[in-house]
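Trainee: I have a new structure open and I'd like to learn how to read it. Can we go through it together?

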Amino acid sequence: MAVDQPTHAAATPTGDQSRIHDIGYRGYDGPRLGRAYARRSLYSQSLRGAYGLGRSAKSKVLPMLLFAVMCVPAAIMVAVAVATKAHELPVSYTRYAIIMQAVISLYIASQAPQAVSRDLRFKTVPLYFSRPIETADYVRAKFAALASALFVLTAGPLLVMYAGALLSKMDFAHQTKEFAQGLVSVALLSLLFAGIGLVIAAFTPRRGFGIAAVIAVLTISYGAVSTLQAIAYTQDSDSAIPWIGLFSPITLIDGVQSAFLGGSSAFPGGVGPSHGEGVVYVLFVLGLTAACYGLLNRRYQKVGL
């Protein structure tokens, strides 16, 4: 018995079915701006991002709020000085950042991960290095941007204090000298804190972990050093107090400004470092900043592979 086999006509397309679509890609014949332009652009974008500029409104709340918190006490002190016709500000320029260290630590903890963690999380770092920009360019731009943002945060209140002092007709030469010393102090603080914050944040793609780690390093180190200094003071070991201060970022800055910038020390009993010990403090600040920069370079050389 014969079985009928179904036959299917081959649906073979006739004619050429290929198409060419013009989607608008064109060659670029303009100037090649190179690494310097890319580095400046990355610096500008990172600096703006540190204050939420160019980002959502929610991203602006915390940095702007912290900036306001830094400036409001300075404005209040100025108002009191003007009203009472005081001859000196209640807090010196070099002491202000030390007093407001909690706000500064919170700012660096919130913005250091924002500067680098997202690039790690979304694996965009190799894309940067596929262009003319190199590892050192990326690190310098991020480091400079965060240090600049911190300098704006810490120098802003000093500018408010200086303007208020001049308005209340305090001695111009004296106020200008102390204002310049305060700017040097916060510049060193900005470099050191930016380096520490970026190094910690660069080792985790999770922003929450980065925030917690930065806060822990800054607060635990300061708490431990302050406790040990207090113990040394109660044991009449005043000579050990300045050396213990080498192991916390905020006490490092305190030691430098009290040794060379005319500031009063917050160490127990006011026992700040001598000029000789102050040189060690300066070397520690510069060495720790350079070490942070080197660690960032090595970290991103591995990430960019």
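Mentor: Sure. Keep in mind that this is a predicted model. Let's begin with contacts: of those in the chain with a separation of 6 or more, 76% join residues 24 or more positions apart.

Trainee: Which elements make up the chain, helices or strands?

Mentor: Run along from the N terminus and you meet α every time. The count is eleven helices and zero strands.

Trainee: How do I read the overall shape?

Mentor: Compare the radius of gyration with what a compact globule would give. For 305 residues that would be near 19 Å, but this chain has 28 Å. The spans along the principal axes add to the picture: the C-alpha trace covers about 115 × 45 × 40 Å.

Trainee: What about the surface, and how many of the residues are buried?

Mentor: "Buried" here means under 20% relative accessible area. By that cut-off, 43% of the 305 residues are buried. The accessible surface comes to about 16,600 Å², and carbon and sulfur atoms hold 65% of it.

Trainee: And the charges?

Mentor: Count the side chains of each sign, then ask where the two sets are centred. There are 25 positive and 14 negative side chains, with the two centres 6 Å apart.

Trainee: Let's zoom in on one helix. How can I check the length of helix 8?

Mentor: Use the rise of 1.5 Å a residue. Helix 8 covers residues 207–234, so its 28 residues should span 40 Å; the end C-alpha atoms are 41 Å apart, which agrees.

Trainee: Which residues of helix 8 are buried, and what do they pack against?

Mentor: The buried ones are Gly-210, Val-214, Leu-218, Ser-221, Val-225, Gln-229 and Ala-232. Their packing partners are helix 4 (101–121), helix 7 (172–201), helix 9 (241–244) and helix 10 (249–260). Look just past the end of helix 8, too: Asp-236 there has a positive phi of about 60°.

Trainee: I also spotted Pro-73. Where is Pro-73 found?

Mentor: Pro-73 sits in helix 2, which runs over residues 57–84.

Trainee: Why does Pro-73 count as partly exposed?

Mentor: Partly exposed is the band between buried, under 20%, and exposed, over 50%. Pro-73 has 28% relative accessibility, so it counts as partly exposed. Leaving out residues up to four places away in sequence, Pro-73 touches Tyr-96 and Met-100.

Trainee: How does Pro-73 lie relative to Val-225 in helix 8?

Mentor: Check sequence and space separately. Pro-73 and Val-225 are 152 residues apart along the chain, and their C-alpha atoms are separated by 27 Å.

How values were computed: Residues are numbered from 1 along each chain as its sequence is written. This is a predicted model: local features need pLDDT of at least 70, side-chain atom pairs count only at pLDDT 80 or more; totals for chains, interfaces and linings use all residues. Side-chain values use heavy atoms; hydrogens and water are left out. Helices (H or I, at least four residues) and strands (E, at least two) are DSSP runs, numbered from the N terminus. The radius of gyration is taken over C-alpha atoms; the globule rule is 2.2 Å times the number of residues to the power 0.38. Buried means under 20% relative accessible area, exposed over 50%, partly exposed in between (1.4 Å probe, protein chains only). Contact means heavy atoms within 4.5 Å. Accessible areas come from the Shrake-Rupley method with a 1.4 Å probe; for residues, only the protein chains shown count as cover. Lys and Arg count as positive and Asp and Glu as negative; His and the chain ends are not counted. The place of a charge is taken as NZ of Lys, CZ of Arg, CG of Asp or CD of Glu. The expected span of a helix is 1.5 Å times one less than its number of residues.
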